[in-house]
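Dear colleague,

Please find below the sequence and the structure that I am handing over to you. My account of what was found follows directly after them.

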Amino acid sequence: MQPVVSGSQPHSGQVKEHHCLSVYSVTTMGNCSQGCKDYFSRQKNTNIRLTLPVVCFVWQIAMIILFGVFIRYNEESDTHWVETKAHANITSDIENDFYFRYPSFQDVHVMIFVGFGFLMTFLKRYSFGAVGFNFLIASFGLQWALLMQGWFHSLDPQTGKIFIGVESLINADFCVAGCLIAYGAVLGKVSPVQLLVMTLFGVTLFAVEEYIILNLLHARDAGGSMVIHTFGGYYGLAISRVLYRPNLHQSKRMQGSVYHSDTFAMIGTLFLWMFWPSFNSAITDHGDGQHRAVINTYLCLASTVLTTVAISSLSQKTGKLDMVHIQNSTLAGGVALGTAAEFMISPYGALIVGFFCGIISTMGYIFISPFLEKTLKIQDTCGIHNLHAMPGVIGGIVGAITAAAASESVYGKQGLINTFDFTGDFKDRTVLTQGGYQAAGMCVSIVFGVVGGAIVGSILKLPIWGDPADENCFDDEVYWELPDDEEEHQESIPPILEYNNHMIHKQQDLSESNFSVEHCES
């Protein structure tokens, strides 16, 4: 006989107890899972009468307090500028940075509030949301950006203050541009409260990745191909993926455009197209760098228009043009040349970049956007992958190659130092090393966009923000008071009904006139 080992065969009571615990655990987990599912799929409540005012008031009061503690005028905007001029032997106010930067600031500011806003008015019933919410998040974002960028870039260690000038305003607009790009991916599918939350985290992430790319890696990115467009594009795409709506087809009737909405969107395109040379050159060095950035961007944009039109026409059997391509892909060249705008890429090089960008961006709208929605479940309302994310990556690659290929024979010794800022801790860096760091900067922007967007998207997925139901997306009526539009109502009437309606009114008018005549005769 073999000895019985204590505990080798459990008692039947213990087996029953263990079985009961297992069943209880499975039941509890099932209930929790079902509870979470019910919580996240409960009926949408779009009434933001309390949440939106609270967020706006609290955050604006927070901005006032933080500005009071940290923000001060810099020496060129302070009343002590007179003393600064005398000490530095400056004889004219024209040397103040304001007179160099303000024209570019005006152009960039118009791009942010008019260009981006009107570009998104293509949806037939979401023009108020496109322009109005663009206005809201840009106004909040630029305030938060001045603080975040100030803490990372210009905090005075002695006083603990942030000193701002006109260049700070340009950089704040750049930061906001990243959030507006992300807005394009979720246009019509989120509430204004969600947009403010998205901007809060977006500006924060932007400031961190900008500091890593520009300060720690010492990459050059004057026009923001990596820092602005690549980050903003993948940030918005990641959020859109997390907020995926399987029943969005219920709003299919509202996703299209009409003649006048496409015309308004084209206004945004033209503003962006005209001012993009200012965008890419706004914070470059005075003199040849800024001059070169304008020329390169100008030529690149012009080249992009022709190849966009060509591919758009080729994509249709009848050879007709698609307004979506003209509104968006014509701008891709400005995005792609942002990094290399101040480099010696040469005029024909700028034309080559624009040539390929127009082709790739337009092909993206034709082939890649449907793939993203059907396969990867990314519902990209404005197609920011084709206008910002993909051209931004192209810009990062062009910048890395151009930097690595730079030579003293082309730039000159001092020109290399000035263009790539080979001074201080970076005075011994070679152009090949610089090219590697440019490529690393592009990778950083992608990682921050994707990971940050996934995290922020998870926060925005909570059913507390007042986002619209699937059947009410892309409709201004959810969040805006709309005027009575009789003309639009008449346009929605089928032709036969419209004719009958017209005849009824005509008969009524005729009866009234006959009655008036008879009354007068009597």
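Of the 522 residues of the protein, 45% count as buried. Please keep in mind throughout that this is a predicted model. Its secondary structure comes to 19 helices and two strands. Among contacts between residues at least 6 apart in sequence, 82% join residues at least 24 apart.

**Helix 6 and its contact with helix 8**

Helix 6 covers residues 166-185, and 18 of its 20 residues are buried. At 1.5 Å a residue, a helix of this many residues should span 28 Å; the end C-alpha atoms of helix 6 are 30 Å apart, which agrees.

Two packed helices are described by the angle between their axes and the distance between the axes. For helix 6 and helix 8 (residues 225-242), the axes come within 7 Å and cross at roughly 35 degrees. The crossing of these two helices is right-handed. On the side of helix 6, the residues involved are Phe174, Ala177, Gly178, Ile181, Ala182 and Ala185; they meet Ile228, His229, Gly232, Gly233, Tyr235, Gly236, Leu237 and Ser240 of helix 8. By character, the residues of this contact divide into eight nonpolar, six polar and no charged.

**Salt bridges**

A search of the whole structure finds eight salt bridges. Three of them are described here, beginning with a pair inside one helix.

Arginine 101 forms a salt bridge with aspartate 97, and the closest N and O atoms are 3.6 Å apart. Both residues lie in helix 4 (residues 97-119), four residues apart, which is about one turn of the helix. An α-helix has 3.6 residues a turn, so residues three or four places apart point the same way. Arginine 101 is buried, and aspartate 97 is buried as well.

What does the salt bridge between arginine 125 and aspartate 475 tie together? The closest N and O atoms of this pair are 3.8 Å apart. Arginine 125 lies in the loop between helix 4 and helix 5 (127-153), and aspartate 475 in the loop between helix 17 (431-460) and helix 18 (486-491), so the pair ties together parts that are 350 residues apart in sequence. Arginine 125 counts as partly exposed, at 25% relative accessibility. Aspartate 475, at 12%, counts as buried.

Arginine 245 forms a salt bridge with aspartate 467, with 3.4 Å between the closest N and O atoms. This pair also links distant parts of the chain: arginine 245 is in the loop between helix 8 and helix 9 (259-281), aspartate 467 is in the loop between helix 17 and helix 18, and the two are 222 residues apart. Arginine 245 counts as buried at 7% relative accessibility, and aspartate 467 is buried with a relative accessible area of 10%. Finally, salt bridges that share partners join Asp97, Arg101 and Glu167 into one network.

**Backbone angles**

Most residues other than glycine have a negative phi, and most peptide bonds are trans. Against that background, two residues deserve mention.

Asparagine 89 has a positive phi of about 60 degrees although it is not a glycine. Its place is in the loop between helix 3 (81-87) and helix 4. With 65% relative accessibility, asparagine 89 counts as exposed, because the cut-off for that class is over 50%.

Serine 346 has a positive phi of about 75 degrees and is likewise not a glycine. Serine 346 is found in the loop between helix 12 (332-336) and helix 13 (347-374). Its relative accessible area is 21%, and serine 346 is therefore partly exposed, since buried means under 20%.

**Pairs separated in sequence**

Glycine 132 is in helix 5 and counts as buried at 18% relative accessibility. Glycine 132 and tryptophan 480 are 348 residues apart in sequence, and their C-alpha atoms are 9.7 Å apart in space.

Which residues does isoleucine 311 contact, leaving aside its neighbours within four places in sequence? Isoleucine 311 lies in helix 10 (residues 288-314) and is buried, with a relative accessible area of 15%. Beyond those neighbours, isoleucine 311 is in contact with Ile359, Thr362, Met363 and Ile366. From isoleucine 311 to isoleucine 366 there are 55 residues in sequence and 9.7 Å in space, C-alpha to C-alpha.

Yours sincerely

Technical notes. Residues are numbered from 1 along each chain as its sequence is written. This is a predicted model: local features need pLDDT of at least 70, side-chain atom pairs count only at pLDDT 80 or more; totals for chains, interfaces and linings use all residues. Side-chain values use heavy atoms; hydrogens and water are left out. The expected span of a helix is 1.5 Å times one less than its number of residues. Buried means under 20% relative accessible area, exposed over 50%, partly exposed in between (1.4 Å probe, protein chains only). Axes are lines fitted to C-alpha atoms, for helices over the stretch in contact, and angles run from 0 to 180 degrees between N-to-C directions. A crossing is left-handed if the near helix is turned anticlockwise from the far one by less than a right angle, and right-handed if clockwise. Contact means heavy atoms within 4.5 Å. Ala, Val, Leu, Ile, Met, Phe, Trp, Tyr, Cys and Pro count as nonpolar, Asp, Glu, Lys and Arg as charged, and the others, Gly among them, as polar. A salt bridge is a side-chain nitrogen of Lys or Arg within 4 Å of a carboxyl oxygen of Asp or Glu.
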